[in-house]
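Dear colleague,

I am passing on the structure we spoke about, and I would be glad if you could look through it with the notes below beside you.

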Amino acid sequence: MHPLMNQLIQLQELIVIRDEQKVAGESEHLERLDASIKTMIAELPPPTRLLHGKLFSKDHNVLSPVSSGICAVCGMKLPISLVQAVRLGREVHSCPNCARMLYYQDVAARRLAEAARKIGPRKVGIVRFSSEALMIPNLVSGDRDGVIAEMAYQMANEGFVDKAEPLIEEALRREALVSTAMNHGLALPHVRGVEGGGLTLALGLSAKGIKFDPARKVVSRMIFFIVIPTAASAFYLKLLAGLAETFSDSEARKSVQECKDAATMWKTLIKVTRATIK
Ligand SMILES: [Zn+2]
């Protein structure tokens, strides 16, 4: 890959994290993120900085991975010669349709077509993104890494993703950048850039609480493990906002945390998110 592209990918990742934190109403890491983003933009060569600024003013996703010959963000089928040039990485190329800067991505994990049908496209609210099979009333693990593995395996075992291992690796890499622990005992470990299918989430409860952020004293009791296809990036922010709003209410938190089985958890989650997640 072109070294400049590596720089741009890191920058993009920090921008995405900053957007997540803002949407969720978290201020813990904002100052540090802002400073890093500013420095990284200043370090870009002037023509790239200009292009970045231009794209950024329209949409915060200024990069797009190429997967299966398609620009993953806008969905345009790219000429084979362009796909090869992006793969070679000698220079930075833009998508002819959406103008985003392209990079080549090896597919980490793919959603199964069958699993996508399990959820069904026409429903509304949280039922579009999850299912009773992804509710875990009693997480067995007592630490962050164990919980992430447990939830990824649940998704794989229930047929929502092909393999758990790449998801675990990627979710841990993301946690190492900035913790996904949020206010009110929520944590939202996640994996982006998953190919195919829709956004999928699992919810795990821990009565004891999991120390998700080594820098904070608080523990997380409700853990949402989320896989996000590139095309659903913007949607993920809406979901995040909806979850943060729902569970800023202590009654909503209590009603979910008191559930003893997956069926009750699922029903309760649908009920409490009815007004906040459309
Ligand atoms: Zn495009």
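A99 sits in the loop that links strand 3 (93–94) to strand 4 (101–104), and in this predicted model A99 has a positive phi of about 70° although it is not a glycine. Most residues other than glycine have a negative phi. A99 counts as partly exposed, because 15 other C-beta atoms lie within 10 Å, a number that falls between the 12 or fewer of an exposed residue and the 20 or more of a buried one. The two strands on either side of this loop run antiparallel and are joined by 2 bridges, with H93 having L102 of strand 4 as its bridge partner.

Strand 3 and strand 4 belong to an open sheet of 4 strands, whose order is 2-1-4-3 and whose pairing is mixed. Strand 2 and strand 3 are the edge strands, each of them pairing on one side only. A second non-glycine residue with a positive phi is found in the loop between strand 1 and strand 2 (70–71): this is S68, where phi is about 55°. S68 is exposed, since the number of other C-beta atoms within 10 Å is 10.

Turning to the chain as a whole, the protein has 10 helices and 9 strands. Its radius of gyration is 19 Å, close to the 19 Å that the globule rule gives for 278 residues, so the chain is as compact as a globular protein of that length. The C-alpha trace spans about 55 × 40 × 30 Å along its principal axes, and 35% of the 278 residues count as buried. Among contacts in the chain with a separation of 6 or more, 68% are made by residues 24 or more positions apart.

The chain is divided into domain 1 (3–104) and domain 2 (113–272), and the centres of the two domains, taken over C-alpha atoms, are separated by 26 Å. To the contact between them domain 1 gives 15 residues and domain 2 gives 13 residues. On the side of domain 1 that touches domain 2, the elements that give two or more residues are helix 1 (3–23) and strand 1 (63–67), and the largest share of that side, 5 residues, comes from helix 1.

Two helices are worth setting side by side. Helix 2 (residues 30–42) has 13 residues and reaches 18 Å from its first C-alpha to its last, close to the 18 Å expected at 1.5 Å a residue; the number of its residues that are buried is 1, so helix 2 lies largely in the open. Helix 6 (residues 144–157) has 14 residues, which at 1.5 Å a residue should span 20 Å, and its end C-alpha atoms are indeed 20 Å apart. The buried residues of helix 6 are R144, V147, I148, M151, A152, Q154 and M155. They cover an arc of only 155° around the axis, which puts them on the same side of helix 6.

What covers the buried residues of helix 6? The cover includes strand 5, helix 7 (165–177), strand 8 and strand 9. Of these, strand 5 (residues 135–136) and strand 8 (residues 200–210) pair in the parallel sense over 2 bridges, and I136 has G204 of strand 8 as its bridge partner. Strand 8 in turn pairs with strand 9 (residues 220–229), in the antiparallel sense and over 7 bridges; here the bridge partner of L203 is F224.

The end of helix 6 deserves a separate look. A156, which is found in helix 6, is partly exposed, because 19 other C-beta atoms lie within 10 Å, whereas a buried residue needs 20 or more. Leaving aside residues up to four places away in sequence, A156 touches V161, K163 and A164. A156 and L167 are 11 residues apart in sequence, and their C-alpha atoms are 9.7 Å apart in space. Just after helix 6, G159 takes a positive phi of about 80°.

With best regards

How values were computed. Residues numbered from 1 in each chain as written. Predicted model: local features only at pLDDT ≥ 70, side-chain atom pairs only at ≥ 80, totals over all residues. Pairing = 2+ DSSP bridges. Expected span 1.5 Å × (residues − 1). Arc of directions from axis to C-beta. Contact = placed C-beta atoms within 7 Å. Rg over C-alpha atoms; globule rule 2.2 N^0.38 Å. Domains from an automatic or database assignment.
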